[in-house]
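Welcome! Work through the exercises below with the structure in view, and try each task before you read its solution.

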Amino acid sequence: MSRPFKFRIWDEKVGGFDYFDLFSSFGHVPLDIRENVQEFTGAEDTLGGEIYVGDIVSVQNNIRRRYEHGEVIYSPEYLAYFVKFYTKSDYYSEYLSHLRNVHVRMIVIGNVFQNKELLSQ
């Protein structure tokens with residue numbers, strides 16, 4: 001099963017995202033915002049919304065019986081997407097694909113550019 005290669009770029013000047021796919025004119029994106037490129041993971045949240053690297057998701061933890069917030073990241077070492085959960089003194093990560101299969105609900109609630117404070121809740 002293949003997935004679409006879609007991306008978004010956070011543009012600080014307009015305070016929003018520009019979306020494009022692999023075949024769009026990425027070469028014409030200004031150099032000063034290329035470090036803000038985020039890739040579509042191929043996954044959707046419980047509500048059908050697309051999940052991108054840099055999204056903040058709320059995940060229902062069935063073991064702890066609560067919702068936890070985490071940041072979607074890509075690990076080049078493992079060639080996989082993870083959700084990185086922050087604790088008071090450390091963090092832990094879980095495979096995004098595992099969370100989609102095990103947890104009841106996972107919803108995109110923000111992103112690291114607009115809602116970084118959600119990670120401390």
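What percentage of the 121 residues of the protein chain count as buried?

**Solution.** Start with the ground rules. This is a predicted model, in which local features need pLDDT of at least 70 and side-chain atom pairs count only at pLDDT 80 or more, while totals for chains, interfaces and linings use all residues. Residues are numbered from 1 along each chain as its sequence is written, and side-chain values use heavy atoms, with hydrogens and water left out. Next, the cut-offs: buried means under 20% relative accessible area, exposed over 50%, and partly exposed in between (1.4 Å probe, protein chains only). With these, 40% of the 121 residues count as buried.

**Exercise 2.** Find how many helices and strands the protein chain has, and put them in order.

**Solution.** Helices (H or I, at least four residues) and strands (E, at least two) are DSSP runs, numbered from the N terminus. The count gives 1 helix and 9 strands. Now walk along the chain from the N terminus: the elements run β-β-β-β-β-β-β-β-α-β.

**Exercise 3.** Work out the strand order of the open sheet of 5 strands, and name its edges.

**Solution.** Two strands pair if DSSP finds at least two bridges between them. Following the pairs across the open sheet gives the order S8-S7-S6-S5-S9, with antiparallel pairing. Its edge strands are S8 and S9, each of which pairs on one side only. Neighbouring strands of this sheet are turned by 40 degrees against each other on average, direction ignored; for such angles, axes are lines fitted to C-alpha atoms, for helices over the stretch in contact, and the range is 0 to 180 degrees between N-to-C directions.

**Exercise 4.** Look at S7 and S8, and describe how they are joined.

**Solution.** First locate the two strands: S7 covers residues 80–86 and S8 covers residues 91–95. They run antiparallel, and 5 bridges join them. Next look at the link, where 4 residues lie between the strands of this hairpin. Finally, pick out some partners: Phe82 is bridged to Tyr95 in S8, and Lys84 has Ser93 as its bridge partner there.

**Exercise 5.** How many salt bridges does a search of the whole structure find, and which parts of the chain do they link?

**Solution.** A salt bridge is a side-chain nitrogen of Lys or Arg within 4 Å of a carboxyl oxygen of Asp or Glu. The search finds 3. Take them in turn:

- The side chains of Lys6 and Glu50 meet at 2.1 Å, N to O. Lys6 is in strand S1 (residues 6–11) and Glu50 in strand S4 (residues 50–52), so this pair links distant parts of the chain, 44 residues apart. Lys6 is partly exposed at 23% relative accessible area, and Glu50 is partly exposed at 31%.
- Arg8 and Asp55 meet through their side chains at 2.5 Å, N to O. Because Arg8 lies in strand S1 and Asp55 in strand S5 (residues 55–61), the pair ties together parts that are 47 residues apart in sequence. Both residues, Arg8 and Asp55, are buried.
- Lys116 forms a salt bridge with Glu71, and their closest N and O atoms are 4.0 Å apart. Lys116 sits in the segment after strand S9 (106–111) and Glu71 in strand S6 (residues 66–75), 45 residues apart. Lys116 counts as partly exposed at 45% relative accessibility, whereas Glu71 is buried at 12%.
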